[in-house]
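Good morning, and thank you for making time for this short presentation. Please look at the structure with me before I begin.

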Amino acid sequence: MVKAMKRKLKRMTSNIQNFLFIALVTFSAQALSDVIIYPTTGLNLSATPGFSSDSSLIFKPSADQTSAVQYRLTTFRVNDRDVDKSKFKIKTLYSSEFKPLDRYQLVLSGKENENPVNANFKFEPTWFDIPGVYSGIISSDTNTSDIPIKITVNPITTLSIDPDNFKITTSTTNIPKIREIDVIFGSNSPRWDLYVSAENLIKNTGDRINKDRIFVRIKNDSISGSWLALNQPTKLISGYATPPTKIATLEFFVNANKLEKTGDYLGKIKFLVKNY
């Protein structure tokens, strides 16, 4: 009876040893390839529409890394929405130009003999890329470590008028003397409103024209062609993300008062933008 129990215990021990051996072999087969990437924190970029944003990583293979390694962008999202992966590009020792990371690109040939390889990355946001934090993962076709990326797209709004300084001659509503200016505007905000207001016009003698007599309207506006007083911020235009372009021609008119003295009155027309 004792001998039988010893034989049974021996078989159980043998089975446990076999199980442990199999488990260790399996773990070894799934171990990551020995490629060290610097910086180890991945890529962190700041980007603005109209400008190129770039950074680089160093790939340091071990002597055992003798096979080629390719990388691609596996995820790329902002605000829980997928982003076109081809916007993010890479240039390595083995490419003559930047190539999109929506597909695998060669980074290591397997013949580096432990020599480090530098890879340059570039992201060129357009005016239609909304502000926010774009996050993603760069993965290889082997078992090398994944590379996290974070790109912060900054909000940007530009506005200019042509001409940037102008004179308005006072007149009456019957025969208004109109001054036209073009508004060139760009924003990467998903939505925006453009407001216009005015200051009182003041002469060097202290005489003034109240701002409630300064009016504006959009030229050839078929929806609302009426004059709008600029004594308070007045919303003129609403829109969506757009590159810098002429969005309107504005017409200004100052209502005359016969009691006012002739001369030059100075003041400012203010443009305000509300982004969403």
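I start with the pocket. The model on the screen is a predicted one, and its largest pocket has a volume of about 740 Å³. Which residues lie nearest the centre of that pocket? They are Phe166, Lys167, Ile168, Leu201 and Tyr265, out of 25 residues that line the pocket. Sorted by class, the lining consists of 12 nonpolar, 7 polar and 6 charged residues.

I turn now to the interior. In soluble globular proteins, nonpolar side chains tend to be buried together. In this model, the largest nonpolar core contains 29 residues. Those with the most contacts inside this core are Phe59, Tyr71, Phe88, Phe121, Ile138 and Ile151. Strand E4, residues 69-78, gives the most to the core, contributing 5 residues. There is also a second core, separate from the one just described, with 21 residues. Among its members are Phe185, Leu194, Ile209 and Ala248.

My last topic is charge. Side chains of opposite charge can pair when their charged atoms come close. How many salt bridges does the structure hold? The number is 8, and I shall present three examples.

In the first example, Asp82 pairs with Arg77, with an N to O distance of 2.5 Å. Asp82 is exposed, because its relative accessibility of 62% is over 50%. Arg77 is partly exposed, with a relative accessible area of 32%.

The second example joins Glu199 and Lys270 at 3.4 Å, N to O. This pair links distant parts of the chain, 71 residues apart. Glu199 sits in the loop between strand E13 (179-198) and strand E14 (201-202), while Lys270 belongs to strand E19, residues 269-275. Both partners count as partly exposed: Glu199 has a relative accessibility of 29%, and Lys270 has one of 39%.

The third example is the salt bridge between Glu251 and Arg217, at 2.6 Å from N to O. Glu251 lies in strand E18 (residues 234-254) and Arg217 in strand E16 (residues 214-218), so this pair ties together parts that are 34 residues apart in sequence. Is Glu251 buried or exposed? Glu251 is buried, because its relative accessible area of 8% is under the 20% limit. Its partner Arg217, at 21%, counts as partly exposed.

To close, I would ask you to find Glu251 and Arg217 on the screen and to follow the salt bridge between their side chains. Thank you for your attention.

Note on methods
Residues numbered from 1 in each chain as written. Predicted model: local features only at pLDDT ≥ 70, side-chain atom pairs only at ≥ 80, totals over all residues. Heavy atoms only, no water. Core = buried A, V, L, I, M, F, W, Y, C linked by side-chain atoms within 4.5 Å. Buried < 20%, exposed > 50% of the residue type's maximum accessible area, 1.4 Å probe, protein only. Helix = DSSP H or I, 4+ residues; strand = E, 2+ residues; numbered from the N terminus. 1 Å grid on protein atoms, 1.4 Å probe; cavity = no way out; pocket = protein on both sides within 12 Å on 5 of 7 lines; lining within 4 Å. Points joined across faces, edges and corners; volume = space filled by probe spheres on them. Nonpolar A, V, L, I, M, F, W, Y, C, P; charged D, E, K, R; others polar. Salt bridge = Lys/Arg side-chain N within 4 Å of Asp/Glu carboxyl O.
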